Amino acid sequence: MPTPDEIKKVMDWCEKIKKERARIYVLERNVFRDEMDWMRRFVLIEIDRPMDDASKYSLVYDSRMKQLWQYMNGGWRRIEPDMRIE
């Protein structure tokens, strides 16, 4: 599962793309597929797209709530960092 640094990296990238495109919502190919194991299952990253319209195979970034979402077990779930006990 994702580390806090990986989640921050994805969210920072989403914020950068959102500012560059200046659109209501943005669909981008997942550029992190080869870099992070947990990102391999997402084809697209959808920035600010309503979850009712988003693909179940995409990662959704909500810039208002500053959260990443994935579709799992019949509903949208927030992506949380992995809790490692050492």
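**View 1. Strands β2 and β3 run side by side in this predicted model.** We start with β2, residues 44-47, and β3, residues 59-62, which are parallel and joined by three bridges. Look for E46: the residue standing opposite in β3 is V60. This pair of strands belongs to an open sheet of five, ordered β1-β2-β3-β4-β5, with mixed pairing. At the edges of the sheet are β1 (26-29) and β5 (75-78), each of which pairs on one side only. On average, neighbouring strands of the sheet are turned by 30° against each other, direction ignored.

**View 2. The whole chain has one helix and five strands.** Follow the chain along its sequence and you will meet the pattern α-β-β-β-β-β. How does the radius of gyration of the protein fit with a compact globule? A compact globule of 86 residues would have a value near 12 Å, and the protein has 12 Å, so the two agree. Along the principal axes, the C-alpha atoms fill a box of roughly 45 × 30 × 25 Å. Of the 86 residues, 40% count as buried. Among contacts with a separation of 6 or more, 36% come from residues 24 or more positions apart.

**View 3. Helix α1 lies across four strands.** The helix covers residues 4-21 and lies across β1, β2, β3 and β4 (67-72). Compare its direction with that of β1: the helix runs at about 125° to this strand.

**View 4. The largest nonpolar core has 18 residues.** To find your way around, look for V10, W38, M39, I45, L59 and L68, the members that touch the most others. Helix α1, strand β2 and strand β3 each supply at least two residues of this core. Which element gives the most? That is α1, with six residues. Now zoom in on L68: leaving aside neighbours within four places in sequence, its contacts include I7, V10 and M11, as well as W38 and L59. L68 also touches V60, Y61, R77, R78 and I79.

**View 5. Edge strand β1 shows side chains that alternate.** In a regular strand, side chains alternate between the two faces of the sheet. Here V26 and E28 point to one face and are buried. L27 and R29 point to the other face and are not buried. Strand β1 pairs with β2 in the antiparallel sense over four bridges. One partnership to pick out is that of E28, whose bridge partner in β2 is I45.

**View 6. S58 is a buried residue in the loop between β2 and β3.** Its relative accessible area is 1%, and S58 counts as buried because this is under 20%. Which side chain does the side chain of S58 meet in a polar contact? The partner is the side chain of E46, at 2.7 Å. Apart from neighbours within four places in sequence, S58 is in contact with F42, L44, E46, W69 and W76.

**View 7. D48 is another residue of the loop between β2 and β3.** Its phi is near 65°, a positive value in a residue other than glycine. Is D48 buried or exposed? With a relative accessibility of 13%, D48 counts as buried.

**View 8. Strands β4 and β5 form a hairpin.** The two strands pair in the antiparallel sense over four bridges, and two residues lie between them. M72 stands opposite G75 in β5. In the loop between β4 and β5 you will find N73, which is not a glycine and yet has a positive phi of about 55°. N73 counts as exposed, because its relative accessibility of 69% is over 50%.

**View 9. Q70 sits in strand β4 and is buried.** The relative accessible area of Q70 is 4%. Who surrounds this residue? Leaving aside neighbours within four places in sequence, Q70 is in contact with R41, F42, G75, W76, R77 and I79.

How values were computed: Residues are numbered from 1 along each chain as its sequence is written. This is a predicted model: local features need pLDDT of at least 70, side-chain atom pairs count only at pLDDT 80 or more; totals for chains, interfaces and linings use all residues. Side-chain values use heavy atoms; hydrogens and water are left out. Two strands pair if DSSP finds at least two bridges between them. Axes are lines fitted to C-alpha atoms, for helices over the stretch in contact, and angles run from 0 to 180 degrees between N-to-C directions. Contact means heavy atoms within 4.5 Å. A nonpolar core is a set of buried Ala, Val, Leu, Ile, Met, Phe, Trp, Tyr and Cys residues joined through side-chain atoms within 4.5 Å. Buried means under 20% relative accessible area, exposed over 50%, partly exposed in between (1.4 Å probe, protein chains only). A polar contact is a pair of N or O atoms within 3.5 Å; within protein, one must be able to donate a hydrogen and the other to accept it, and residues adjacent in sequence count only if both atoms are side-chain atoms. The radius of gyration is taken over C-alpha atoms; the globule rule is 2.2 Å times the number of residues to the power 0.38.
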